[in-house]
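Hi,

Here is the structure I said I would pass on. Have a look at it first, and then read on for what turned up when I went through it.

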Amino acid sequence: LADPAGWDFIVLQDQSQTPGGGCDMDAGLAAGVARKRSEDSLSTFYAPALDSSGATAALFETWGRHSGDKANAKFGYSTFVGMNRLTEAGYSRYRAILQRKQKHTI
């Protein structure tokens, strides 16, 4: 982001369990903790950096796992449809955070 030549687009993607609020098994974080950290990072670091660079944020949304995520079943991830719905809602939250702070987000 600090490249003086600038960037047109910056692609952001989160860990698959995080946007929907599930436990992040990779980082060993409880339900909702990783999503809160991601939201805080989007608001305090990424949005200002993107805005000053003039780049457009492109959110590359992950998708639900074929058979759901059994480790996060109690958080609504028990099926592909459930996990996908929560992941999609999480990325919508991310987009809203960026749009409040930054001019362009796709």
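**What I found**

Let me start with aspartate 26, which sits in the loop between strand S1 (9-12) and H1. One thing to keep in mind throughout: this is a predicted model. Aspartate 26 has a relative accessible area of 66%, and since anything over 50% is called exposed, that is the label it gets. Leaving aside residues up to four places away in sequence, aspartate 26 touches Gln15 and Gln17. With glutamine 15 there is a side-chain to side-chain polar contact of 3.1 Å. Those two residues, aspartate 26 and glutamine 15, are eleven apart in sequence, and their C-alpha atoms are 8.6 Å apart.

Now the general layout, in case you want to get your bearings. The chain has two helices and two strands, and going from the N terminus the order is β-α-β-α. There are 106 residues, of which 42% count as buried. If you take the contacts with a separation of 6 or more, 65% of them are between residues 24 or more positions apart.

Back to the loop between S1 and H1, because serine 16 is found there too. How accessible is serine 16, buried or exposed? Its relative accessibility is 18%, and the cut-off for buried is under 20%, so serine 16 counts as buried. Beyond residues up to four places away, serine 16 touches Thr62, Arg65, Tyr77, Met83 and Thr87. For one of these, methionine 83, the separation from serine 16 is 67 residues in sequence and 9.3 Å from C-alpha to C-alpha.

Arginine 65 is the partner to look at next. The side chains of serine 16 and arginine 65 are joined by a polar contact of 3.3 Å. Arginine 65 itself belongs to the loop between strand S2 (56-59) and H2, so this contact links that loop with the one between S1 and H1. At a relative accessible area of 35%, arginine 65 is partly exposed. The residues it touches, not counting those up to four places away in sequence, are Ser16, Gln17, Phe80 and Met83. Arginine 65 and asparagine 84 are 19 residues apart along the chain, with 7.7 Å between their C-alpha atoms.

Right beside it in the numbering is histidine 66, also in the loop between S2 and H2. With 76% relative accessibility, histidine 66 counts as exposed. Its side chain makes a polar contact of 3.3 Å with the side chain of serine 67. Histidine 66 and phenylalanine 80 are 14 residues apart in sequence, yet their C-alpha atoms are 5.3 Å apart.

On to the aromatics. A pair of rings is described by the distance of the centres and the angle of the planes. How many aromatic pairs are there? The count comes to two. In one of them, phenylalanine 45 and tyrosine 46 are 4.9 Å apart centre to centre with 80 degrees between the planes, an edge-to-face arrangement. Phenylalanine 45 is partly exposed at 46% relative accessible area, and tyrosine 46 is partly exposed as well, at 30%. The other pair is tyrosine 91 with tyrosine 94: the centres are 5.3 Å apart and the planes are at 70 degrees, so this pair is edge-to-face too. Both of these tyrosines lie in helix H2, three residues apart, which is about one turn of the helix. Tyrosine 91 and tyrosine 94 are both buried.

Last, the largest pocket, where some of those rings come up again. It holds about 160 Å³ of space. The lining consists of Leu12, Gln13, Asp14, Ser38, Ser41, Leu42, Tyr46, Leu59, Tyr91 and Tyr94. Helix H1 (33-53) and helix H2 (80-101) are the elements that give two or more residues to that lining. The largest share comes from H1, with four residues. Sorted by class, the lining has six nonpolar, three polar and one charged residues.

That is what I have for you.

Cheers

Key
Residues are numbered from 1 along each chain as its sequence is written. Side-chain values use heavy atoms; hydrogens and water are left out. On a 1 Å grid over the protein atoms alone, a cavity is a set of points where a 1.4 Å probe fits but cannot get out, and a pocket is an open set with protein on both sides within 12 Å along at least five of seven lines; lining residues have an atom within 4 Å of a point. Grid points are joined across faces, edges and corners, and a volume is the space filled by probe spheres set on the points. Ala, Val, Leu, Ile, Met, Phe, Trp, Tyr, Cys and Pro count as nonpolar, Asp, Glu, Lys and Arg as charged, and the others, Gly among them, as polar. Buried means under 20% relative accessible area, exposed over 50%, partly exposed in between (1.4 Å probe, protein chains only). Contact means heavy atoms within 4.5 Å. Rings of Phe, Tyr and Trp (its six-membered ring) pair if their centres lie within 6.5 Å; planes under 30 degrees apart count as stacked, over 60 as edge-to-face and the rest as tilted. A polar contact is a pair of N or O atoms within 3.5 Å; within protein, one must be able to donate a hydrogen and the other to accept it, and residues adjacent in sequence count only if both atoms are side-chain atoms.
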